Protein chains: 2
Amino acid sequence: MASDHTRGAILAAAERLYADRGFGDVTLRDIVAAADVNLAAVNYHFGSKDELIAELFVTRSIATNRERLNELKAAEEGGGGRASIDAILRALVGPTLRGCLGPERERSTAARFMIRASIESVPPIRRIRNREIDHLRKFVAAMRRALPDRSEVELYWALHFALAMAHQTVRDSERLTKLSEGKCDLDDVADIIERVVAVSVMALTGGEVERKPPAKLMARDAP
Amino acid sequence: MASDHTRGAILAAAERLYADRGFGDVTLRDIVAAADVNLAAVNYHFGSKDELIAELFVTRSIATNRERLNELKAAEEGGGGRASIDAILRALVGPTLRGCLGPERERSTAARFMIRASIESVPPIRRIRNREIDHLRKFVAAMRRALPDRSEVELYWALHFALAMAHQTVRDSERLTKLSEGKCDLDDVADIIERVVAVSVMALTGGEVERKPPAKLMARDAP
DNA sequence: GTCTATAACCCGATAGAC
DNA sequence: GTCTATCGGGTTATAGAC
């Protein structure tokens with residue numbers, strides 16, 4: 001089975017090149033040159049360029065999702081079958097943020113690949129992300145157990161906003177650093193996780209009360 | 001100046017095709033066929049495919065940024081030189097959300113183009129987005145006037161999270177609809193704006209107090 | 001100045017020999 | 001399984017007609 005070597009070499013070279021230079025700038029010819037294999041081997045082992053990218057992304061996604069579920073399970077067992085809402089949200093955003101942020105020098109190829117995937121969002125990756133819904137439902141279910149009084153709509157919005165803050169922080173960490181002139185420390189991952197979790201929890205516990213009634217034709221605000 | 005017609009036809013055709021089918025699936029040949037002009041006209045009028053995309057995006061971005069600043073100015077004048085924090089954040093996220101969400105049938109070509117740009121994030125568009133920092137600084141300055149007691153870091157994070165929630169809602173509206181089985185109404189733009197603003201305000205007014213101290217090696221949570 | 005026509009090159013995918 | 005050779009198509013760039 002010399003093929004396993006070829007296959008693995010392609011995967012490793014592709015992940016590194018995509019992480020370093022992005023999906024748009026890396027051709028299959030670049031990849032096979034770096035892996036020192038033949039051009040046709042890519043099509044033989046993966047079927048197409050898109051399926052190669054999909055396999056790279058699926059592998060890393062499965063790892064992240066397993067981490068999330070492990071943390072969720074640990075939080076629920078620690079709480080006697082019902083995890084606290086902050087622990088649930090921490091299990092949701094923690095693995096992604098820990099995996100993608102942190103000091104530059106410590107970022108693995110896998111981490112840089114996932115950051116790139118988050119920024120460029122090429123078609124095969126989008127297709128896989130759209131199949132994540134069943135995975136997210138497990139977190140909605142846990143949130144429902146933690147906050148049985150909240151309406152489901154509020155739970156969905158809170159989960160959506162938590163993921164939004166986490167992903168955008170991964171995507172735009174450079175812009176936030178520039179905007180804040182370094183005052184926002186993107187290397188302090190634990191602090192960022194707690195920020196995202198705290199805001200998401202407030203969206204669930206502090207909201208609903210002070211939100212304005214839906215004013216359909218509001219153009220400006222008038223105090 | 002028959003060229004103005006050619007130029008405009010290319011811009012209109014390109015925006016429509018990109019909005020409908022995405023940047024990856026539309027070739028220059030598709031565009032010139034739809035605009036009924038010659039292939040080389042694109043290179044003559046815009047220099048390259050990337051510059052054509054950049055011009056489309058810059059035009060729409062300028063319009064959005066002007067709306068934002070108009071709303072900010074109106075809010076500050078209405079408040080005697082100092083706008084309330086919610087009015088500032090509403091001016092920041094309102095134009096984008098109003099422009100990109102709402103009933104499908106009402107979405108203009110320009111709106112669908114901006115949604116596409118938000119999802120696919122192709123290199124020329126990323127370059128332009130990175131130059132938005134000076135624009136955002138005006139909102140940071142307004143926030144500082146509204147909440148002079150808050151530390152600057154908190155203002156940056158709140159602005160970042162507000163934009164994160166707004167952009168991710170535009171980007172992933174379909175996933176949220178599926179996840180919530182239609183229970184989250186993505187057509188009720190006014191409600192979405194108020195949700196984003198409310199959560200962002202809470203990030204500024206409710207935070208700082210109950211956030212945990214930075215626990216560098218926290219793996220799980222232990223109550 | 002404006003546009004047409006075409007050249008020269010690179011991409012991903014694949015048929016078929018080995 | 002691996003490799004050569006090649007196809008169809010997209011992109012830039014440009015010579016030269018209008």
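Are A:Tyr18 and A:Phe23 buried or exposed? Both are buried. That holds for a predicted model, and the rest of this tour rests on the same prediction.

Start with the fold of chain A. It has eleven helices and zero strands. From the N terminus on, the order is α-α-α-α-α-α-α-α-α-α-α. The C-alpha trace spans about 65 × 45 × 35 Å along its principal axes. Chain A has 223 residues, and 55% of them count as buried. Sequence separation is the next point. Take the contacts in chain A between residues at least 6 apart in sequence: 73% of them join residues at least 24 apart.

Now the aromatic residues. A search of the whole structure finds six aromatic pairs over all chains. One of them joins A:Tyr18 and A:Phe23. The ring centres are 4.8 Å apart, with 40° between the planes. This pair counts as tilted because its angle is neither under 30 degrees, as stacking needs, nor over 60, as edge-to-face needs. A:Tyr18 and A:Phe23 also belong to one aromatic cluster with A:Phe113.

Chain B supplies another tilted pair, B:Trp157 and B:Phe161. Here the distance is 5.4 Å centre to centre, and the planes again meet at 40°. Both residues lie in helix α9 of chain B, which covers residues 152-171. They are four residues apart, about one turn of the helix. B:Trp157 and B:Phe161 are both buried.

Next, the contact between the chains. Chain B gives 64 residues to it, and chain A gives 64 residues. The area buried between chain B and chain A is about 6100 Å². Carbon and sulfur atoms give 64% of that area. Which residues of chain B lose the most area to chain A? They are B:Arg175, B:Leu179 and B:Arg195. Together they account for 13% of what the chain B side buries.

Turn to DNA strand C. It is surrounded by 14 residues. The closest are A:Leu28, A:Arg29, B:Asn38, B:Tyr44 and B:His45. By class, this surface has five nonpolar, seven polar and two charged residues. What share of the strand's atoms within 4 Å of the protein belongs to sugar or phosphate? The share is 67%, and the rest belong to bases.

Three polar contacts from chain A show both kinds of partner. At A:Leu28, a polar backbone atom is 2.8 Å from a phosphate oxygen of DNA strand C. A:Lys49 reaches a phosphate oxygen with a side-chain N or O atom, at 3.0 Å. A:Arg29 meets a base instead: an N or O atom in its side chain is 2.8 Å from a base nitrogen of the strand. Several elements give two or more residues to this surface. In chain A they are α2 (28-35) and α3 (39-46). In chain B they are α1 (3-21) and α3 (39-46).

Finally, two backbone oddities. A:Asp36 is not a glycine, yet it has a positive phi of about 60°. This residue lies in the loop between α2 and α3 of chain A. A:Asp36 counts as exposed because its relative accessibility is 69%, where exposed means over 50%. B:Ser121 is not a glycine either, and its phi is positive, at about 50°. B:Ser121 sits in the loop between α6 (109-120) and α7 (123-129) of chain B. Its relative accessible area is 8%, so B:Ser121 is buried.

Methods. Residues numbered from 1 in each chain as written. Chains lettered and ligands numbered in written order. Predicted model: local features only at pLDDT ≥ 70, side-chain atom pairs only at ≥ 80, totals over all residues. Heavy atoms only, no water. Near = heavy atom within 4 Å. Polar contact = N/O pair within 3.5 Å; in protein donor to acceptor, adjacent residues only side chain to side chain. Nonpolar A, V, L, I, M, F, W, Y, C, P; charged D, E, K, R; others polar. Phe/Tyr/Trp six-rings, centres within 6.5 Å; stacked < 30°, edge-to-face > 60°. Buried < 20%, exposed > 50% of the residue type's maximum accessible area, 1.4 Å probe, protein only. Contact = heavy atoms within 4.5 Å. Buried area = accessible area lost by both parts, 1.4 Å probe.
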